[in-house]
Amino acid sequence: MNELFRIVSGALRLDIDKVRNYTAFLAERLDESGDGAAAARLRKMLTETDHVLRPTSSRRTPALPVDSESRFPLVEHVSLRELDEPPVVLADEQWHTLHEFLSIARSHSLLDANGIQGSTNLLLFGPPGTGKSRVARHIAKELGLELYVARLDGLISSFLGSTSKNIRALFDFAARTPCILFLDEFDAIAKLRGDTQELGELKRVVNSFIQNLDTLGPQSIILAATNHEGLLDSAVWRRFGYRLELGYPDAALREALWLNFSEQLPFSEKDHTLLVDLSEGLTGSDIEEVCRRLLRLKVVNNSEPRLRDAFRILLNVGGGEAGKSTLMSTLQGLGQQRVVKSLRKRNQRVYSHALLADLLGVSKSTAYRLSR
């Protein structure tokens, strides 16, 4: 029924692109549910009317909006069918928010029929590397929708007034296409209108964005992500009924991340306990990068990587964001003796002399001497 409502809406507005896109999408859904005959009938109708409604050949992939001056694309399609990545790791409260959003997105027609209005917009915010883009891909997969990421480098034009036109074209595309529109680095177009450092044109851009978002309707799903939520205009915040903060993972989440990303690595349960502690203050993206580098070593050297390899890479990756303190950032640049003393002071039971000897590639007696 969701697709039928959208097809009728497009027909009443004489929006042929919307009618065709959602008809093709409905045919796919019917195929998935086992009604191949109805799907084939819809596709035949599209083919038969192709010469009447559109002189060129029918395309399943909709024409992407472009900047009118540079012809630079305003969105980029993310192919999810061939994408193979570990599952999303979230805390229980974060899953609760995400599951609520997904249930509302699946049932907006039912809510609309009961006179309940609501936003199907989700704002993801938090430091870089905490999984905002991964959550966006997860949502698209769960809802069975195509994911389009707004290209802000193409959206923001140097020509006066063109940026607002591009925003309108972007939302028109989202309105007539069965998809999720993902606005990454969202603060670039939704900054505080009272920011004295910004030109009047960019302040008008925020107004244009808010107006287009208000007229889009609940049938379209907008996701936005920012690393700088404090820069967002308060009126923009109010347009997102669902908000999900993704911060630095705690020990439990880091353990789940290590288990997800290191499936092909020879780490024991005891090793994971150590890695969870060493990665304190790092993001999920940091942990994934460590595991990716270890897998490369495994293939290139044709041998299993060891904990000392993980420790060395963590020291390299663990500097983290500028100004952010992590365990690894406190150890960077220190000599072996200071590293040993720091880790022994942290937890003598976990960081035994034997373990420290393994991490540093020295003998156990040397590790003992360094700790004195």
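# A walk through the sheet and its helices

Start by selecting helix H5, residues 92-106: this helix lies across strand E2 (121-125), E5 and E6, and runs at about 150 degrees to E6. Keep in mind as you click around that this is a predicted model.

**The whole chain**

Now zoom out and colour by secondary structure. You should find 19 helices and six strands in the chain. Of its 372 residues, 46% count as buried. If you look at contacts with a separation of 6 or more, 73% of them come from residues 24 or more positions apart.

**The sheet**

Next, show just the strands. In what order do the six strands sit in the sheet? Reading across, you get E1-E3-E4-E5-E2-E6, in an open sheet with mixed pairing. Select residues 75-78 (strand E1) and 242-245 (strand E6) to see the edge strands, each of which pairs on one side only. Turn the view a little: neighbouring strands are turned by 25 degrees against each other on average, ignoring direction.

Move along to strand E4 (residues 179-183) and strand E5 (residues 221-226). These two run parallel and are joined by four bridges. Pick out Phe-182, and then look in E5 for its bridge partner, Leu-223.

Now bring back helix H9, residues 162-176. H9 lies across E1, strand E3 (146-150), E4 and E5, and its direction makes about 150 degrees with E4.

Then head for E6 again. E2 and E6 run parallel, with four bridges joining them. Click on Leu-122 and you will find Tyr-242 of E6 standing opposite. Show the side chains of E6 too. Which residues of E6 are on the covered face, and which on the uncovered one? Tyr-242 and Leu-244 make up the covered face, while Arg-243 and Glu-245 make up the uncovered one.

**Two helices at the start of the chain**

Jump to residues 2-12 (helix H1) and 16-32 (helix H2). Their axes are 8 Å apart and the helices pack at an angle of about 165 degrees. H1 and H2 are therefore roughly antiparallel to each other, since an angle over 145 degrees counts that way. Their crossing is left-handed.

Show the side chains where H1 and H2 touch. On the H1 side, select Glu-3, Leu-4, Arg-6, Ile-7, Ser-9, Gly-10 and Ala-11; they meet Lys-18, Val-19, Tyr-22, Thr-23, Phe-25, Leu-26 and Arg-29 of H2. Sorted by class, this contact of H1 with H2 has seven nonpolar, three polar and four charged residues.

Leave Leu-26 selected and add Ala-38. The two are twelve residues apart in sequence, and 9.7 Å separates them in space, C-alpha to C-alpha. Ala-38 belongs to helix H3 (residues 36-48). Is Ala-38 buried, partly exposed or exposed? With 25% relative accessibility, Ala-38 counts as partly exposed, because the partly exposed range lies between 20% and 50%.

**Another helix pair**

Now try helix H13 (269-278) together with helix H15 (307-317). H13 and H15 pack at about 10 degrees, and their axes are 11 Å apart. That makes H13 and H15 roughly parallel to each other, because the cut-off for this is under 35 degrees. In H13, select Asp-271, Leu-274, Leu-275 and Leu-278, which meet Leu-307, Ala-310, Phe-311 and Leu-314 in H15. The contact of H13 with H15 counts seven nonpolar residues, no polar ones and one charged.

**Three loop stops**

Look just before H13 for Ser-262, in the loop between helix H12 (251-261) and H13. Why does Ser-262 count as buried? Its relative accessible area is 3%, and buried means under 20%. Apart from neighbours within four places in sequence, Ser-262 is in contact with Phe-267, His-272 and Cys-291.

The other two stops are about backbone angles. Most residues other than glycine have a negative phi. Go to Glu-185, in the loop between E4 and helix H10 (200-216). Its phi is positive, near 50 degrees. Glu-185 counts as exposed, at 53% relative accessibility.

Finish at Asn-302, in the loop between helix H14 (284-301) and H15. Asn-302 also has a positive phi, about 55 degrees, although it is not a glycine. With a relative accessible area of 69%, Asn-302 is exposed.

Methods
Residues numbered from 1 in each chain as written. Predicted model: local features only at pLDDT ≥ 70, side-chain atom pairs only at ≥ 80, totals over all residues. Heavy atoms only, no water. Axes fitted to C-alpha atoms, helices over the stretch in contact; angles between N-to-C directions. Parallel < 35°, antiparallel > 145°, perpendicular 65-115°, else oblique. Left-handed = near helix turned anticlockwise from the far one by under 90°. Contact = heavy atoms within 4.5 Å. Nonpolar A, V, L, I, M, F, W, Y, C, P; charged D, E, K, R; others polar. Buried < 20%, exposed > 50% of the residue type's maximum accessible area, 1.4 Å probe, protein only. Pairing = 2+ DSSP bridges.
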